[in-house]
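Here is a walk through one protein chain. Keep the sequence and the 3D view open as you read.

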Amino acid sequence: MGRGRVQLKRIENKINRQVTFSKRRTGLLKKAHEISVLCDAEVALIVFSHKGKLFEYSTDDCMEKILERYERYSYEERQLAATDFDSQGNWTLEYNRLKAKVELLQRNHRNYLGEDLDSMSLKELQNLEQQIDTALKHIRARKNHLMSQSISELQRKEKAIQVQNNMLVKQIKEKEKKDKAVAQPALWDDQQNQGPHASSFLLSQPAGLPLPCLNIGGCYQEEADPEVRRNELDHALEPTYSFHLGGYGA
């Protein structure tokens, strides 16, 4: 005779219940392993005993990966179901919300420009004025900060240029001193080289004789007798001839 259908219910005996749990748990884990190998499926099995002890099995020890995949799949399924259920209503509400937001931004922009102020109350105008004052303070603070930075940068450049200028002036002065130091010995050598000739020429002049000269700027006066003029010129040139002869003779 065949076995009758066993009624499934909680085993009252604690020992029998524990033995049955151990046997069925082992068989369940074995079946999970078999289905994962035979069917190339990712299997994750979690079992808690009545005492709260955890027993688990997962394919290739990737329990976290399987659980993450399960949560992502469940979330996407719920989102897709909710979207399919009231997608049309959601799009309408989103459109109306964005349209109202755009209209509010456009109205605020016109108010900031001083336009469309007739429909605003006194309190709204005061709030608008306060907002503009606050924005103006921020703008001025930012402008002053940029100006102070620019002034500091210009002062730094001025100091650098002043230092460079002082260095150039110092270099120019040093170069002038060196040029003077080099030029003075050369001038002294020239004077020493030219000095003996000039002194010998002056010393070789006989005492009491006038130096030869040529008067170019004098006024020309026509003489009555050309012979007298020629004799005077001969007498004037006579000492010069004697000087040269005396010089060479010596």
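Read along the sequence, this chain runs in the pattern α-β-β-α-α-α. That makes four helices and two strands. The model is a predicted one.

Begin with the chain as a whole. It has 250 residues, and 8% of them count as buried. Its accessible surface comes to about 23,400 Å². Carbon and sulfur atoms account for 58% of that surface. Now take the contacts between residues with a separation of 6 or more. Of these, 22% join residues 24 or more positions apart.

Next, follow the chain from its N terminus. R10 forms a salt bridge with E12, and the closest N and O atoms are 3.5 Å apart. Both R10 and E12 are exposed. Helix α1 covers residues 14-39, and strand β1 covers residues 44-48. D40 lies in the loop between α1 and β1. What stands out in its backbone? Most residues other than glycine have a negative phi. D40 is not a glycine, yet its phi is positive, near 50 degrees. D40 is exposed because its relative accessible area is 71%, and the cut-off for exposed is over 50%.

Strand β2 comes after that, at residues 54-58. Two of its residues belong to surface patches of opposite character: L54 to a nonpolar one and E56 to a negative one. Take L54 first. L54 joins I46, F48 and L67 in a nonpolar surface patch of about 370 Å². L54 has 42% relative accessibility, so it counts as partly exposed.

Now turn to E56. Which residues gather with E56 in a patch of negative charge on the surface? They are D60, D61, E64, E68 and E71. Helix α2, residues 63-112, gives the most to this patch, with three residues. E56 itself sits in strand β2. At 47% relative accessibility, E56 is partly exposed, because partly exposed residues fall between the buried limit of 20% and the exposed limit of 50%.

Stay with helix α2 and move further along it. Here E94 forms a salt bridge with R97. Their closest N and O atoms are 2.5 Å apart. Why are the two residues about one helical turn apart? E94 and R97 are three residues apart in helix α2, so about one helical turn separates them. E94 is partly exposed because its relative accessibility is 31%. R97 is also partly exposed, at 45%.

After helix α2 comes another loop, which leads to α3. D116 is found in this loop between α2 and α3. Its phi is positive, about 55 degrees, although D116 is not a glycine. Is D116 buried, partly exposed or exposed? With 37% relative accessibility, D116 counts as partly exposed.

Helix α3 spans residues 122-203. Within this helix, R156 forms a salt bridge with E153. The closest N and O atoms of this pair are 2.3 Å apart. R156 and E153 are three residues apart in α3, so about one helical turn lies between them. E153 counts as partly exposed because its relative accessibility is 34%.

Last, step back to the charges. Side chains of opposite charge can pair when their charged atoms come close. A search of the whole structure finds seven salt bridges. Among them are R10 with E12, E94 with R97 and R156 with E153.

Definitions and conventions:
Residues are numbered from 1 along each chain as its sequence is written. This is a predicted model: local features need pLDDT of at least 70, side-chain atom pairs count only at pLDDT 80 or more; totals for chains, interfaces and linings use all residues. Side-chain values use heavy atoms; hydrogens and water are left out. Patches are made of residues with over 30% relative accessible area and no salt bridge: like charges are joined within 9 Å, nonpolar side chains (Val, Leu, Ile, Met, Phe, Trp, Tyr) within 5 Å. Accessible areas come from the Shrake-Rupley method with a 1.4 Å probe; for residues, only the protein chains shown count as cover. A salt bridge is a side-chain nitrogen of Lys or Arg within 4 Å of a carboxyl oxygen of Asp or Glu. Lys and Arg count as positive and Asp and Glu as negative; His and the chain ends are not counted. The place of a charge is taken as NZ of Lys, CZ of Arg, CG of Asp or CD of Glu. Buried means under 20% relative accessible area, exposed over 50%, partly exposed in between (1.4 Å probe, protein chains only). Contact means heavy atoms within 4.5 Å.
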